[in-house]
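Okay, thanks everyone. Today I'd like to walk you through the pockets in this one, so let's get it up on the screen.

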Amino acid sequence: RNSTPPYQTIIFFPGAGALHRTDLFEARDTKWYLDYLLKSGRAVLFPVYKGTFERIEGQGISWGQTHQFTEWVIKWVKDFSRSIDYLEIREDIDMDNLGYLGDSWGGYMGGIISAVEERLKLAIIIRGGLYKGWRYPEAEGITYISRVKIPVLMLNGKYDIIFPVETNVKPMFDLLGTPDEHKVLKIYETDHFVPKNEMIKETLDWLDKYFGPVNK
């Protein structure tokens, strides 16, 4: 409401809690990660990925080294790309300024999606990292991360036990194919959590830097 089209647009990929909640609009992610983006004058697309929210349909997901998990990864990437296909038919979307925002599970998926979806211009990964050694290569982030070339901002907690900094976060950051001057890793004195005020500041600064100011 405080900007004019075409809108810079951020596409969101949520944390794993989305696999257990049935209503997107009641999910914490919807407000915690997205309200400030809308207030900044940007558009946000939050796809309902296969197996999440209204598309749970009772499916179980095996997170280990299984062919089933590989098929899930393919479905999630397809959902993401089809969402961009939808944006392409809208005249109010700035297709030259599409960004990825992923949290936790979405942070992990960001290492894959940002490598294979060429229409993205930047990525912001919150509480994300690599999972190493328990997936087939075609579903493993480390297979893709060196193919990511766009600007990447990573925000992580120093004491995160889901994505430990030394074994999962820094390797992801170091292996990014993005030139050093266009990737940044911020570490906070937290666990699997990033302070919202810091997330807002760093995210909006990153968008302003690479997308420029919104159309007021």
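Let me start with strand 2, which contributes more than any other element to the lining of the largest pocket, giving 3 residues. Keep in mind that this is a predicted model.

So how much space lies in that largest pocket? About 290 Å³. It has 15 lining residues, and the closest to its centre are Tyr7, Leu38, Arg42, Ala43 and Val44. If you want to find the walls, look at strand 1 (7-13), strand 2 (43-45) and helix 3 (67-88): these are the elements that give two or more residues to the lining. As for chemistry, the lining of the largest pocket splits into 8 nonpolar, 4 charged and 3 polar residues.

Now swing over to the second largest pocket, with about 180 Å³ of space. Going along the chain, its lining is Leu24, Phe25, Thr30, Lys31, Leu34, Asp35, Leu38, Lys39, Val44, Leu45 and Phe46. Helix 1 (28-32), helix 2 (35-39) and strand 2 are the elements that supply two or more residues here. And which element has the largest share of this lining? That's helix 2, with 3 residues. Sorted by type, the second largest pocket has 7 nonpolar, 3 charged and 1 polar residue in its lining.

One thing to look at before we stop: Leu38 and Val44. Both are among the residues closest to the centre of the largest pocket, and both also line the second largest pocket. Strand 2 likewise turns up in the largest pocket's lining and in that of the second largest.

That's me done, thanks.

Key: Residues are numbered from 1 along each chain as its sequence is written. This is a predicted model: local features need pLDDT of at least 70, side-chain atom pairs count only at pLDDT 80 or more; totals for chains, interfaces and linings use all residues. Side-chain values use heavy atoms; hydrogens and water are left out. On a 1 Å grid over the protein atoms alone, a cavity is a set of points where a 1.4 Å probe fits but cannot get out, and a pocket is an open set with protein on both sides within 12 Å along at least five of seven lines; lining residues have an atom within 4 Å of a point. Grid points are joined across faces, edges and corners, and a volume is the space filled by probe spheres set on the points. Helices (H or I, at least four residues) and strands (E, at least two) are DSSP runs, numbered from the N terminus. Ala, Val, Leu, Ile, Met, Phe, Trp, Tyr, Cys and Pro count as nonpolar, Asp, Glu, Lys and Arg as charged, and the others, Gly among them, as polar.
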